[in-house]
Amino acid sequence: MSSSTSRGKCKGQKTDPRDLSSPIRVSSPFNHAKADVILRTSDNVDFRVFRLFLSLSSPFFETLFDLPQPSEGKDADTEMKDGLPVIPISEDSRTLDTLLRFCYPSTMTKDPPLNHFTHVIKVLEAAQKYSLDEVETTIRKALFSPAILETNPLRCFAIARQARMREETILSARYSLRTSLVPDWFEEIGMITSTDLLALWAYHQKCGKAVQILKLSFSWIEGHYQSREAAPWIFGETPGRSCRCPKSNTIRLFGQGHVMWWEEFMETTFQP
């Protein structure tokens, strides 16, 4: 890459190493010749973008672009490149690339995949920062789907707490009841504070006690089904067929005994 000399540098003054390299340009659609603004990331990558797409997606950008631009106000403090104002942002290029693809129309780019939890967190935080509500909703739906929650409840919990998403935090905590609170190491584990972990542990304890109370009396089953006809499988009364399953009278529901396998199932369910 060619070297560039910073304007206003005094003789003998040290130069920031980042000034020695020109900003990197990206691939389509963020290198469009007719773009009207440049977003420069923290890792010195230039994204040539259209204000219209960002303004339609975000009230933050709409307000930003409504302000007088350098060409109008002749602001000497704002860098210009190829006749376009350069706006520095704190996000890195990978985060911005993903974020912008959600903002652009489908005729120009497809929604990006969300495969890595750590990357998703950065994109989610950026979406919240720039008031990209639709993008945030899309990420929430993708990340906190049942399939993801069932396999990664603690990782989802960590992300939800980091992003301050109350509903997703509660949902992830519920799914975490199916797993151990002493998990294998995962990349986002550092996001869970001791306070959060203690609260999650207390929640597990509270739920465990509530379940054990149900074991003391099975009247809640009668309250739910209202009649034995509503749950014939508990009593081995399959319509049109005769069940020869072993019976037990240990737990009597609606004044009747039940099949042995159901009792064994309930015992296994209540094991800590």
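Me: In this predicted model, where buried means under 20% relative accessible area, exposed means over 50%, and partly exposed lies in between, is E237 buried, partly exposed or exposed?
Reply: E237 takes part in a salt bridge with R228, in which the side chains meet at 1.7 Å, N to O. Its relative accessibility is 33%, and because the range between 20% and 50% is the one called partly exposed, E237 counts as partly exposed.

Me: Is R228, the partner of E237 in that salt bridge, buried or exposed?
Reply: The relative accessible area of R228 is 19%, and the cut-off for a buried residue is under 20%. R228 is therefore buried.

Me: Which residue forms a salt bridge with K215, and which helix holds that partner?
Reply: The closest N and O atoms of K215 and its partner E267 are 3.9 Å apart. K215 lies in helix α10 (residues 194-216), so the bridge ties together parts that are 52 residues apart in sequence. The partner is E267, which lies in helix α12 (residues 260-269).

Me: Which residues are linked with D46 in a network of salt bridges?
Reply: The side chains of D46 and K81 meet in a salt bridge of 2.8 Å, N to O. This pair links distant parts of the chain, with D46 in strand β3 and K81 in strand β4, 35 residues apart. The network links D46 with R40, E79 and K81.

Me: Which residue in the turn between β6 and β7 has a positive phi?
Reply: Strands β6 and β7 run antiparallel and are joined by three bridges, and they form a hairpin with two residues between them. The residue with a positive phi, of about 55°, is F254.

How values were computed. Residues numbered from 1 in each chain as written. Predicted model: local features only at pLDDT ≥ 70, side-chain atom pairs only at ≥ 80, totals over all residues. Heavy atoms only, no water. Pairing = 2+ DSSP bridges. Helix = DSSP H or I, 4+ residues; strand = E, 2+ residues; numbered from the N terminus. Salt bridge = Lys/Arg side-chain N within 4 Å of Asp/Glu carboxyl O. Buried < 20%, exposed > 50% of the residue type's maximum accessible area, 1.4 Å probe, protein only.
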